[in-house]
Amino acid sequence: MGTLYEALVRAARLIVSLDPDVLQYALRSLYIALVSTALAGLLAVPLGIFIAEREFRGKRLVVTGLNTLLAVPTVVVGLFVYALVSRQGPFGFLELLFTVPGIIIGEVVLIAPLLTALTLAAVARVDRDVRLTARSLGASERQAAWVVIREARYGILAAIIAAYGRVVGEVGVAMIVGGNIDGFTRTLTTAIILNVDMGYFALALALGLVLLAFSFVLNVAFQLLQGEARMR
Amino acid sequence: MSPFRLENVVQRYREQKSGAPIEALRVRALSIEAGEILTVVGPNGSGKSTLLELLAFLRPPAEGRVLFEGADVWERKTDLAARRAVPILLQKTVLFSTSVLKNVLFGFRVRGLSSQEAQARALAALRLVHLEHLAHRRHNELSGGEQRRTALARILALDSRVLVLDEPTASLDRESEQVIEDLIRRLNRERGVTLILASHNRGQAAALSTRVVTLLGGKLVPESLDNLLPGTLRRVEGGFEFTERRGWTRRFAAAELTEDAWEGIGPVEGPVQLAISSASFAVGAAGATSGALDGVVDSVRQGDGSCRIRVRLGNGPSLYAEIPRAEYARLGLNLGARVALSVKPGAVRVFGARSGTAP
């Protein structure tokens with residue numbers, strides 16, 4: 001207990017004093033999460049809407065495939081992207097291994113299926129009669145489709161928040177593709193593992209608390225959104 | 001020019017599980033004139049909503065033509081324009097997740113109108129359904145009746161010459177129902193709006209409409225068939241046994257039932273509606289004819305040349321019979337008189353109770 005208490009006190013001190021290492025890892029984690037969520041969003045949200053809106057052969061297979069990808073362990077995605085961007089890999093010439101852009105690509109690969117599947121579910125969940133109602137009031141097919149997307153907006157936002165949450169707390173891709181290089185690719189999660197390994201428990205705990213704060217902010221945002229959705 | 005004409009229209013749906021096509025509607029001919037209040041009545045699943053969605057151009061027919069103001073809308077690909085001319089209140093109320101006022105403004109927005117005038121018209125429509133005070137409420141802060149009235153205001157605001165209303169007052173409290181019924185009458189009388197309604201309430205339909213048509217099993221029942229008996233039909237030796245909904249039973253010889261109504265609905269067994277024209281009965285003294293329907297006269301309405309009597313069959317249903325006045329006088333049919341209704345061969349027509357299902 002004593003160790004934990006001491007560690008907590010030291011952790012608080014590190015955070016309050018804006019320890020340069022803690023700050024560096026936190027900002028890098030935040031940057032990676034924001035950029036990869038944005039990139040994945042640009043890709044996956046339209047794709048999810050497209051799949052939800054269209055009827056095509058093999059749609060059920062696509063949906064099953066996406067749902068399978070939801071459960072893929074992050075280390076597997078890390079290995080897969082590593083294989084692609086390592087020196088011998090097909091994209092080795094881009095020299096992305098052990099770089100932040102490399103991690104971002106890995107994270108995009110990780111969350112794109114999640115974001116697609118959740119967007120798809122959010123759009124599909126919108127009452128089928130919404131489209132019919134819009135058309136009954138004189139909306140064209142395109143206008144009716146837009147109404148459906150509008151009605152799914154809170155579900156889509158929740159999907160984006162969930163994707164962001166997955167990246168922020170993720171360690172497999174960041175470790176394997178990023179390589180945990182201090183000053184370059186070390187993030188909150190990889191730093192925690194390293195510091196625990198080396199016995200710097202207080203620092204690891206401080207980093208953990210920052211990570212927890214990220215989760216907290218995320219959840220507050222989520223709750224606010226849901227409250228908003230209930231109001232509307 | 002009549003706003004609507006349906007010619008040999010067939011509508012089919014795919015069954016959700018098997019994907020097999022189900023015939024939901026088969027209408028040889030139907031015209032609707034300007035200024036009518038036409039109500040389509042029939043039990044659940046008889047094809048009312050399918051017919052109304054065709055009239056509102058939400059779906060093209062599988063076969064046949066739907067003409068709007070003389071033009072074949074689907075052939076000319078003018079369905080969006082036609083849809084904008086004929087707003088429909090769908091059976092299920094769906095409000096968009098925004099305020100009441102913005103819901104009502106939706107029709108203007110998709111038409112590219114968002115002026116002060118649109119706003120004024122939306123508020124006027126809300127006034128018509130007595131919801132002006134709730135204009136800025138959210139969609140989910142309304143009672144069921146208020147939601148229905150918002151949906152109604154949404155189509156009223158568009159000032160169309162034609163409105164289609166699918167069960168506008170179903171499952172509403174009496175007050176909301178009254179508001180909507182009064183409104184339908186006023187729109188028709190004061191603005192000459194043509195209204196097409198669906199209802200399963202025959203009494204309401206008769207009180208509200210200028211014309212009532214009946215759908216059974218996806219088919220229009222000719223107006224002359226004014227006696228409808230819901231029940232089940234079972235094949236027995238030498239004919240069929242009909243059990244009316246409340247348990248009254250009678251056997252019919254095969255020759256008494258019309259076969260042409262069976263076309264396309266498979267073997268006649270299971271839930272059906274028997275339809276008999278009030279003019280097709282021969283009325284005689286009770287017990288005089290074997291095989292006749294014996295009953296007691298329980299109401300009489302005298303018309304110009306004929307009388308319409310209602311005959312209650314034992315503990316079973318009541319049937320209307322239309323007979324010439326002279327015949328009525330000769331038989332001395334006072335209230336309470338016992339009579340026998342003879343069914344002419346082929347006079348009883350059989351309709352499957354639900355569309356698309358073999359009765």
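**Figure 1. Strand β18 of chain B and its neighbours in a predicted model.** Seven bridges join β18(B) to β19(B), and these two strands run antiparallel. The structure shown here and in the other views is a predicted model. One of the pairs between the two strands is formed by Ser306(B), whose bridge partner in β19(B) is Pro324(B). The strands β18(B) and β19(B) form a hairpin with five residues between them, and Gly314(B), which sits in the turn, has a positive phi of about 50 degrees. Strand β18 (residues 306-312) of chain B also pairs with strand β17 (residues 293-302) of chain B, again in the antiparallel sense, over six bridges. In this second pairing, Ser299(B) has Arg310(B) in β18(B) as its bridge partner, and Arg301(B) stands opposite Arg308(B) in β18(B). A hairpin is formed here too, with three residues between β17(B) and β18(B).

**Figure 2. The two faces of strand β18 of chain B.** Which side chains of β18(B) are buried, and which are not? The side chains alternate along the strand, with Cys307(B), Ile309(B) and Val311(B) pointing to one face, where they are buried. Ser306(B), Arg308(B), Arg310(B) and Arg312(B) point to the other face and are not buried.

**Figure 3. The five-stranded open sheet of chain B.** The strands of this open sheet follow the order β16-β20-β17-β18-β19 in chain B, and their pairing is antiparallel. At the edges stand β16 (281-285) and β19 (318-324) of chain B, and because each has a single partner strand, one side of each is left without a neighbour in the sheet. From one strand to the next, the twist averages 45 degrees.

**Figure 4. The six-stranded open sheet of chain B.** Here six strands of chain B are arranged in the order β13-β12-β11-β15-β21-β14, in an open sheet with mixed pairing. The edge strands are β13 (249-253) and β14 (257-258) of chain B, each of which pairs on one side only. Within this sheet, strand β11 (residues 227-236) of chain B and strand β12 (residues 239-244) of chain B are paired in the antiparallel sense over six bridges, and Val236(B) stands opposite Gly239(B) in β12(B).

**Figure 5. Asn8 in strand β1 of chain B.** Asn8(B) is found in strand β1 (residues 4-14) of chain B. Is Asn8(B) buried or exposed? It counts as exposed, because 12 other C-beta atoms lie within 10 Å of its own, and a residue with 12 or fewer is placed in that class. When residues up to four places away in sequence are not counted, Asn8(B) touches Arg28(B), Glu63(B) and Gly64(B). The C-alpha atoms of Asn8(B) and Ala29(B) are separated by 6.1 Å, although these residues are 21 residues apart along the chain.

**Figure 6. Two loop residues of chain B with positive phi.** Most residues other than glycine have a negative phi. His130(B), which is not a glycine, nevertheless has a positive phi near 60 degrees, and its place is in the loop between α4 (116-128) and α5 (144-156) of chain B. His130(B) is partly exposed, with 15 other C-beta atoms within 10 Å. Asp159(B) likewise has a positive phi, near 50 degrees, and lies in the loop between α5 and β7 (162-166) of chain B. With 13 other C-beta atoms within 10 Å, Asp159(B) is partly exposed.

**Figure 7. The contact between the two domains of chain B.** Chain B is divided into domain 1 (4-220) and domain 2 (222-352), whose C-alpha centres lie 35 Å apart. How many residues of domain 1 of chain B are in contact with domain 2 of chain B? Four residues of domain 1 meet five residues of domain 2, and the residues on the domain 1 side divide into one nonpolar, two polar and one charged.

**Figure 8. The contact between chain B and chain A.** This contact takes 19 residues from chain B and 16 residues from chain A. On the side of chain B, the elements that give two or more residues are α2 (79-85), α3 (100-110) and α5 of chain B. By class, this side of chain B has 11 nonpolar, two polar and six charged residues. The partner, chain A, has a secondary structure of 11 helices and zero strands.

Technical notes: Residues numbered from 1 in each chain as written. Chains lettered and ligands numbered in written order. Predicted model: local features only at pLDDT ≥ 70, side-chain atom pairs only at ≥ 80, totals over all residues. Domains from an automatic or database assignment. Contact = placed C-beta atoms within 7 Å. Nonpolar A, V, L, I, M, F, W, Y, C, P; charged D, E, K, R; others polar. Helix = DSSP H or I, 4+ residues; strand = E, 2+ residues; numbered from the N terminus. Buried ≥ 20, exposed ≤ 12 C-beta atoms within 10 Å, placed from the backbone. Pairing = 2+ DSSP bridges. Axes fitted to C-alpha atoms, helices over the stretch in contact; angles between N-to-C directions.
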